[in-house]
There are 2 protein chains.
Amino acid sequence: MYKRATLKDIATALNVSTTTVSRALNNKSDISDEMRKKVWEVARILNYKPNSLARSLRQQSSDNVIGVILPEVDHYFFSTIIKGITSSIDKNFLIMIGETNHDLEREKSIIDQYLEHFVAGIILLPTRHVQSIANIKTLIDASIPLIVVDRTIEDYEGNYLRHDSFLGAQQAIDHLIQKGRKKIALLRGALECSVSADRVRGYKASLKNHGFEIEEHLIKVCPNTSKKEAFMACNALFTESDNPPDAIFTVTDHMAAGVYEYAHKAELRIPQDLAVVGYSNSEISDVLSPKLTTVGQDGFELGKNAKAQLIQIIEHPQFTCRQILPSSLIVRDSS
Amino acid sequence: MYKRATLKDIATALNVSTTTVSRALNNKSDISDEMRKKVWEVARILNYKPNSLARSLRQQSSDNVIGVILPEVDHYFFSTIIKGITSSIDKNFLIMIGETNHDLEREKSIIDQYLEHFVAGIILLPTRHVQSIANIKTLIDASIPLIVVDRTIEDYEGNYLRHDSFLGAQQAIDHLIQKGRKKIALLRGALECSVSADRVRGYKASLKNHGFEIEEHLIKVCPNTSKKEAFMACNALFTESDNPPDAIFTVTDHMAAGVYEYAHKAELRIPQDLAVVGYSNSEISDVLSPKLTTVGQDGFELGKNAKAQLIQIIEHPQFTCRQILPSSLIVRDSS
DNA sequence: ATCGTTTCCGCAATCGATTATGGTAAAGTT
DNA sequence: AACTTTACCATAATCGATTGCGGAAACGAT
C-alpha cells in the first residue's frame, strides 16, 4: 500500500523538526534561506503534498473545498453553471455539490453538512421558494465566505452575482414590439420566484414605455416552468378569448417548446401567426424548428465568475461582490 | 461564533473520559448499558455530531464522501446521472464532483486529489480516450472502493455498471429494418470509444441477422459526436453516392439533430424520405419535430444505482458489482 | 567582559476523533 | 483464603498538520 510523504518524513530526512519543515514550506519567518531551500528540495524529491484534512482540522477551515448548492443539476442552465465552476482548475479547489430540488429543508441540511466539513466557502443558488435569510443565517453569523448566485434573497446584504432578468425581459418585449406585435402574452413562473418577478417587471416596463396597455389576462402563471404547463396556458390563451395574442414571451425555453407544441397542434405558424421568445439560450433553442429567439444568459461564465469571486472573498475577507451581469437577446427565426 | 459539541464536551459533562464516550456512541464493547444510555442522552442534548474530518484523518479514510468523475457535466445524459447520484440522500453522503473534459491527465489529477481527501469511494465515468487502467492503478492497489460507470476499461477486472449499448443499437436497427428500410447509415463516435464501438457492433449484428450486407461507406465517424459533424457526415452520405440511405442511426441525439438540420436544408421529409433514430432519449428528442425515435438509457437510474452499489462496496469490501442494464427503444415519429 | 538583540530552530500543545494497552474493583472459582 | 476471571473505564499514543513559547547561538554595543 502506497503511503504519502508527511512533514515528519521530510523532517526525519533532514534531521530537523516538523515545525521547521512546516514553516519552511509555508514560507514563514524564522527560517534561514538555506534551510528553506533544503526543505523544498526534499519535499520535491519525496513528492510531498500536504494532507488537507489534517490542515483543515487544525485551522478549523478548509482551504481548498468549495460547496455548491443548486436547485436542479440536470437543468441545462444550472449544469452549465456547474461546468463553469468545475472547469477552471485554479488553485485546485475541490467542488462539493448538493441538489435541493427546490426544497428549503434540504437546502438547510446541505448547508449544515458543508459546515461540518469546514468548506472554505459556499456558492448558493437558492430555491425558488426562498423568502428569507433563515437558511443562511448560520453562514452569515460564522462569516463563512458565501456568494448568492442567480436569485436574490430578501434582506440579504452579502455577496451576490446574477443576470439582469429585468433588462433581459425588456429587450425581448422591445424586440417583439419593434417587429410589429400588438398583443404580447407572458408565461411566467412561480409568484414567489424573484427571477420570474424580475422578468415580469421587465415585460411590463417595456409595454409601458411603448404606450401599451397591460392586460393581466395575458399573463399566465406556470409554477414549475414546465413544457406541459406552458402548453395548457397556451391553450387557455387561445380559447378564453377570440382576440388571441400574436406573440408569446416565456420565461424559460422549455416553456417555449410547450408553445411550439400547441402551435403545431392548433396549426399556427411560427413566426407568421405567432412569434415566440424564450429565455436562457438553452440547447433546445437551437434544436427547435424554427430556431427559437431567446434571451441569452451564459451559465458557463456565471459559474466561472462566481467561483473566481468566491475565491477572492475567501482570500480577502473584506472583499465584496455585488454584480449584475447583462443578458443579451439572441434573435433567431421564431420572431 | 457558534461552536459544535465535541466528544470532550460530553466527557466533561459526565465526568468520564473521551474514550468512554467514543465507545458508547459507536456502540462498542467494554461499556455498561447504563453508561451508554447516559452518553447518548447527553449527546442528544448537546446536539453532538461527530467531526468527520477528525474521524477521516484518524481512520485514514472518510466514511461519507464520494468522489464522482465524469467527462462533461453539461451533457444531458451525464447531468441526469449526477442527479441520480445527488438526489438519493441515503446516509448523507457528500458528493464531490470533477470534470475531465475527456482529458486523461485531468482525470488522473482529480483521482489524486480525491485520494488526498480520503474519499470513501469513487464513481468513475472514464474519458472516451481511456485505453488502459493506468489512471486507476493507484486506486486498485490501495483497494479504494471504485465503480466504473458507462464505459469499459480494457484489462479492468473490478466493479462496473453500464447500459447495454450493443443491445440498444441492435434494437434500433431491428426496428428500422422492420419498418422496411433497406439502406441504413450509421453515424458513430470516436474509434477508441468503447460505447461507440459497442453500438457499431450492435448495428452490424442486426444487419447480419437480417441478411443485409454491411457497407462500410455507410458508416461515418464523428469523433466529437457533435451536431455539426453529423451535419457534415450527412452531407457526405448524400453527395458521395447517387444511392443514398433511407435511414440514419446516430449514436447520440445531438447528432440526430444535425441530421434533421441537413434534412431540412436538403428538403428531405422525416420519416418519409429519411428515417432517423438517435440514442439517449435526451430532452431534445422530445423537442425535435417530428419527435425523435431514440434508444432510451435512463441516466437517473444509472446514477442512483451506481451510488447504491458503491455504498455496498464501501460497507462490504468483498461485495462486487458487474451489471449491464438494458436499454429500450422509444419509438416516436421519426421512423 | 557583560548585557541586549537578532536569528534560527525545537518542544509541546492543539484540532477532534479512535484505539491499543493497562489498571482497578467486583465477581467467581477452587 | 488466595487466586483467576470479568466488566468497565482511563491513560496515552496516534492521524498530519500548525503555532505559541522558549532556548541556544551568534552578533553587536558599551
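In this predicted model, K307(A) counts as buried, because its relative accessibility is 1% and the cut-off for a buried residue is under 20%. K307(A) sits in helix α12 of chain A, which covers residues 299–315. A polar atom of the K307(A) side chain lies 2.4 Å from the backbone oxygen of S88(A). S88(A) also appears among the contacts of K307(A) beyond four places in sequence. The others in that set are I66(A), I85(A), I89(A), D90(A), F93(A), I95(A) and I123(A).

Chain A is divided into three domains. Domain 1 spans 7–50. Domain 2 is made of two segments, 65–164 and 299–325. Domain 3 runs over 165–296. Between the C-alpha centres of domain 1 and domain 2 of chain A the distance is 36 Å.

The two protein chains were compared next. A turn of 180 degrees, with a shift of 0.1 Å along the axis, lays chain A on chain B with an RMSD of 0.2 Å. This is the relation of a two-fold axis. M96(A) has the C-alpha nearest the axis in chain A, at 2.2 Å. The copies meet through the same surface, because 100% of the interface residues of chain A are also interface residues in chain B.

DNA strand C was examined first. The strand has 27 residues around it. Those that come nearest are T20(A) and R58(A) from chain A, with L7(B), K28(B) and R58(B) from chain B. Of the strand C atoms that come within 4 Å of the protein, 63% are accounted for by sugar and phosphate. Two polar contacts to phosphate involve chain B. In one, a polar side-chain atom of S22(B) is 2.8 Å from a phosphate oxygen of strand C. In the other, an N or O atom in the side chain of N26(B) is 3.3 Å from a phosphate oxygen of the strand. R58(B) addresses a base instead: an N or O atom of its side chain lies 2.3 Å from a base oxygen of strand C.

Four helices each supply at least two residues of the surface near strand C. They are α2 (18–25) and α4 (52–59) of chain A, and α2 (18–25) and α4 (52–59) of chain B. The largest share, four residues, comes from α4(B). By class, this surface holds eight nonpolar, 11 polar and eight charged residues.

DNA strand D was treated in the same manner. It is surrounded by 27 residues. L7(A), K28(A) and R58(A) are among the closest, along with T20(B) and R58(B). Sugar or phosphate makes up 62% of the strand D atoms within 4 Å of the protein, and bases make up the rest.

Polar contacts to the bases of strand D come from residues of both chains, including T19(A) and R23(B). An N or O atom in the side chain of T19(A) is 2.9 Å from a base oxygen. For R23(B), a polar side-chain atom lies 2.9 Å from a base nitrogen. D30(B) also places a polar side-chain atom 3.1 Å from a base nitrogen of this strand.

The surface near strand D draws at least two residues from each of α2 and α4 of chain A and α2 and α4 of chain B. Here α4(A) gives the most, with four residues. The residues of this surface divide into eight nonpolar, 11 polar and eight charged.

Key
Residues numbered from 1 in each chain as written. Chains lettered and ligands numbered in written order. Predicted model: local features only at pLDDT ≥ 70, side-chain atom pairs only at ≥ 80, totals over all residues. Heavy atoms only, no water. Near = heavy atom within 4 Å. Polar contact = N/O pair within 3.5 Å; in protein donor to acceptor, adjacent residues only side chain to side chain. Nonpolar A, V, L, I, M, F, W, Y, C, P; charged D, E, K, R; others polar. Domains from an automatic or database assignment. Least-squares fit on C-alpha atoms with pLDDT ≥ 70 in both. Contact = heavy atoms within 4.5 Å. Buried < 20%, exposed > 50% of the residue type's maximum accessible area, 1.4 Å probe, protein only.
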